[in-house]
Amino acid sequence: MLLDIKELSVEFASMQGNVKALQNISFSIEKGEIVGIVGESGSGKSVTALTILGLLEKNASITSGSILYKGRDVLVMDKREQQALRGKEIGMVFQEPMTALHPTMKIGDQLAEVIKRHRKLPHKEAYQAGIKSLAEVHIHDPELVARKYPFELSGGMRQRVVIALAMAAPPDLLIADEPTTALDVTIQYEILKLMEELSANRGTSIMFITHDLGVVAQMCKRVIVMYAGEIVEQGETHQVLQHPVHPYTRALIGALPDLADPDEPLLAIPGESPDLRRRPAGCVFASRCAQALPLCQEERPGLEPVQQQNESHYAACWVR
Amino acid sequence: MLGEVIRVKPIIELIEVQKEYGSGTGRIQAVSQASFSIRQGETFGLIGESGSGKSTLAKIVTGLEHPTAGSILYDGKPLWTGKQFNRIQPGDMQIVFQDPQSSLDPRMRVKDIILEPLHALPSQARKEKGSEERLHALIARVGLKPDHLSRFPHEFSGGQRQRIAIARALITDPAFVILDEPTSALDVSVQAHVLNLLKELKRERKLTYLFISHNMSVIRYMCDRMAVMYKGKIVEMGTVSDIFDNPAQAYTKTLLSSLPSLHQKKVEPHV
Amino acid sequence: MSAEVHTSTVTRTVNPFWYTCRKNPLMLAGIVVLVIILLLSLFAPLISSYEPTKINIKDRFAPPSAEHWFGTDEVGRDIFTRILYGARLSLGVGVAVVLGAGLIGTVIGSISGYFGGRIDQIIMRLMDMILAFPSLVLAMAVAATLGPNLQNAMLAIAIIKIPVYVRLARAETLSLREKLYVKAAVTFGIKPWRIITRHIIPNAISPVIIQVTLDIGDAILLVATLGFLGLGAQPPTPEWGAMISVGWKHLLDYWWYPTFPGFALFLASCAFNLIGDGVRDILDPKANR
């Protein structure tokens, strides 16, 4: 097991009280696996990533849980160890590539800089290794791109460069937070294929955070569905998407216009997501759920296997 | 049903519209030779990726930028004469923008935001359309509550903000509404609410929509006819079902096959 | 941060005013000092039994004592009383001048930025001309040309302050003009003047308010400076600058005469600067963190 998160809870201090952004989430990622984390805004999917990377804002506090990376708890490491983990062991790709690139440094030099640090190579060799890594992310003229500045590249090219940077160490885990959301679909398609290929060739695990179920279907072997800071369902992607158990997952799929009949209204989820400062005692989704029982309001359902003999598909729901 | 639509006269007609930026060697052709017409009562989809020229076209139709050549007829009358935008019937054409976060003035109360377009109308019409009764009926229709009127935009979620923007567009009783990526900034479950609402409003108020989006599945769900834009040109135009079932152009095919789909796993069209 | 929260059901548990004051004690100190000065000047007739302009030759140059806390001046007027009444004038004039300059500058700047083109060119070159002069020299020239009195001094200070606000508002307008809600208003067919007053100015006002609070201290000093140079308030008006102007000639013999008005001036402008810094921290959280 590469990454094992247990009972993780995170809170943010705000003027109006503490926002409980993550509530007892547990999941794990195996070596070489691509796991999708899907959810809407406020679901806690990005907070999960930032917590693993040790990049939470000052007003955040981790109230419980552990994050085991290769058996070591990331949360008890000091700043320096965490920093060593970032980049070298755990790579990251975010939605906006410009945040990861130095705006006034040429691409080749940025790559060389990172490779020098991680692989302890002299500059010249590091630069050559950088050009090789650009070729590996399918940039056609890597020597030319290496001489350019980030602003001279298109969005898709920049994201390729960021992936090359993230893979430079090379890491064992890549955390990708909505890496293709800002890109056009045709470019998105290519970037997704590239990431899949890199994962397959090098055995890198990818934690793929997205709001797009279609992307999950294309990329991920396993998917974790988050809602209001909790995991409501997880399992093999095809199982979860074709036989969703949790009402929220079902509603999310039903809300997509992809397969909907244009003459019928879309299945929209009534109500709004709960106030994360005052979490309900029972199921977080109960107030918006059509199937909710009285029990759902009172007691929080645990993440249990959907069928006894099937240990790969879990859902947190009383209604079975 | 289709035959019926075709007999109806176009509400807006674009004839070889062009837009160039810059001059000399630095000239960029943002839109070239764009021609299409939208018939009364239909939803016309305009799809394209970034840089395809669809947003430029929206700016030209709404009067934010003038075309460098070609003409646009609204209700048979030209919208642009040179750099002059002719607002023939103020309030007859309205727009809902992509990002409700930035399309609502953060310092204005919801009531003032919704009533704002009325200030372009003659005072008699302003009084009629801005009556408390009409306002309350409208906000109830889009799913807002009367006590929301005195609040500020930041107090609302993304979906509610887009409802405010829709109410603002409808306050003048428009015939034609331009929807510029109206759900791109919203979550999937919120998008479903907004799309449903837009469809209902169209039916109830006999609206005509120009629906601009980069999302194929939203266009398929919402529109009757559509045009595909690529590098400033309209490369394909037709009914939505025709284009989705039998895309003629290579670009349309690429676009369709790039769309990640829930249930069919990976075809390899790019190779 | 990325944990988005629906704020439609906001419950306030902390009063934002005290929250910011606790975080910024210097601003609180500024407010306290200012409030004390304001109260003292407002209730001056109750606090002091003297009149600010009543001459009493036999008491001239009395040192600080129980009767005359800050002593008396060359014609026997109570300096403490004159400072209290002078506060009304100095503070009032400082605030009025800066508010006036801020208002006029904002309107001009937003017009300049919104329309651009030739109007913008003309306005900005005019402002450059004003800015090209050292501000005090220009204020002196204006005040001297129009005649030495308080109104003209105010006008002179306002004129030298306006370009700052024009530039500020113009820069803000240039970015606001690109905002979607302004574009939306344009597509609705709203007239430019309404867009400027309803959208541009309300959204451009934060940096203007910051500048106003920072400028008041400076304006008070400028009023005093013109008074000191004889170009502002004329005797016997109890104005701090004018008092210092007469008093500094007697500094070696009667130290209290220029010292106390000077100290009042220092306190007031200091208080406004502290408040200005605090206001900037609140309205513009990006700066200074």
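I count two residues as in contact if their C-beta atoms, placed from the backbone, lie within 7 Å. The model I am reading is predicted.

**Chain B against chain A**

I looked up this interface with that cut-off and found 24 residues of chain B in contact with 32 residues of chain A. On the chain B side, I noted that helix H8 (188–205), helix H9 (216–222) and helix H11 (250–258) each give two or more residues. H8(B) has the largest share there, 6 residues. I sorted the chain B side by class and got 9 nonpolar, 12 polar and 3 charged residues.

**Chain C against chain B**

I turned to the other contact of chain B, where 18 residues of chain C meet 21 residues of chain B. Helix H8 (180–188) and helix H9 (192–228) of chain C each supply at least two residues of the chain C side. I find that H8(C) gives the most, with 8 residues. The classes on the chain C side are 8 nonpolar, 7 polar and 3 charged.

**Chain C by itself**

I listed the secondary structure of chain C and found 11 helices and 0 strands. I took the extent of the C-alpha trace along its principal axes as about 75 × 50 × 30 Å. Of the 289 residues in chain C, 44% are buried. I also checked contacts in chain C between residues at least 6 apart in sequence, and 69% of them join residues at least 24 apart.

**Domains of chain A**

I noted the domain assignment of chain A, with domain 1 covering 3–89 + 169–315 and domain 2 covering 90–168. Their C-alpha centres lie 28 Å apart. I find 24 residues of domain 1 and 18 residues of domain 2 in the contact between these domains of chain A. On the domain 1 side, helix H2 (79–88), strand S7 (173–177) and helix H7 (185–202) of chain A each supply at least two residues. I classed the residues of that side as 17 nonpolar, 2 polar and 5 charged.

**A helix pair in chain A**

I looked at helix H3 (residues 107–119) and helix H4 (residues 123–136) of chain A, whose axes come within 8 Å and cross at roughly 115 degrees. I therefore enter H3(A) as roughly perpendicular to H4(A). The crossing of H3(A) past H4(A) is right-handed. Among the H3(A) residues in this contact I noted Leu111(A), Ala112(A) and Ile115(A), and among those of H4(A) I noted Ala126(A), Tyr127(A) and Ile131(A). The residues of the contact divide into 7 nonpolar, 4 polar and 1 charged.

**Backbone entries**

I checked the peptide bond from Ala169(A) to Pro170(A) and found it cis, with omega near -10 degrees. Pro170(A) lies in the loop between helix H6 (155–166) and S7 of chain A.

I looked up Asn24(A) for its phi, which is near 50 degrees, a positive value in a residue other than glycine. Asn24(A) sits in strand S2 (residues 19–29) of chain A. I enter Asn24(A) as partly exposed because 18 other C-beta atoms lie within 10 Å.

I made a similar entry for chain B, where Gln33(B) has a positive phi of about 50 degrees although it is not a glycine. Gln33(B) belongs to strand S2 (residues 28–39) of chain B. With 14 C-beta neighbours inside 10 Å, I count Gln33(B) as partly exposed.

Notes. Residues are numbered from 1 along each chain as its sequence is written. Chains are lettered from A and ligands numbered from 1 in the order in which they are written. This is a predicted model: local features need pLDDT of at least 70, side-chain atom pairs count only at pLDDT 80 or more; totals for chains, interfaces and linings use all residues. Helices (H or I, at least four residues) and strands (E, at least two) are DSSP runs, numbered from the N terminus. A residue is buried if 20 or more other C-beta atoms lie within 10 Å of its own, exposed if 12 or fewer, and partly exposed in between; C-beta atoms are placed from the backbone. Axes are lines fitted to C-alpha atoms, for helices over the stretch in contact, and angles run from 0 to 180 degrees between N-to-C directions. Angles under 35 degrees count as roughly parallel, over 145 as roughly antiparallel, 65 to 115 as roughly perpendicular and the rest as oblique. A crossing is left-handed if the near helix is turned anticlockwise from the far one by less than a right angle, and right-handed if clockwise. Ala, Val, Leu, Ile, Met, Phe, Trp, Tyr, Cys and Pro count as nonpolar, Asp, Glu, Lys and Arg as charged, and the others, Gly among them, as polar. Domain bounds come from an automatic or database domain assignment.
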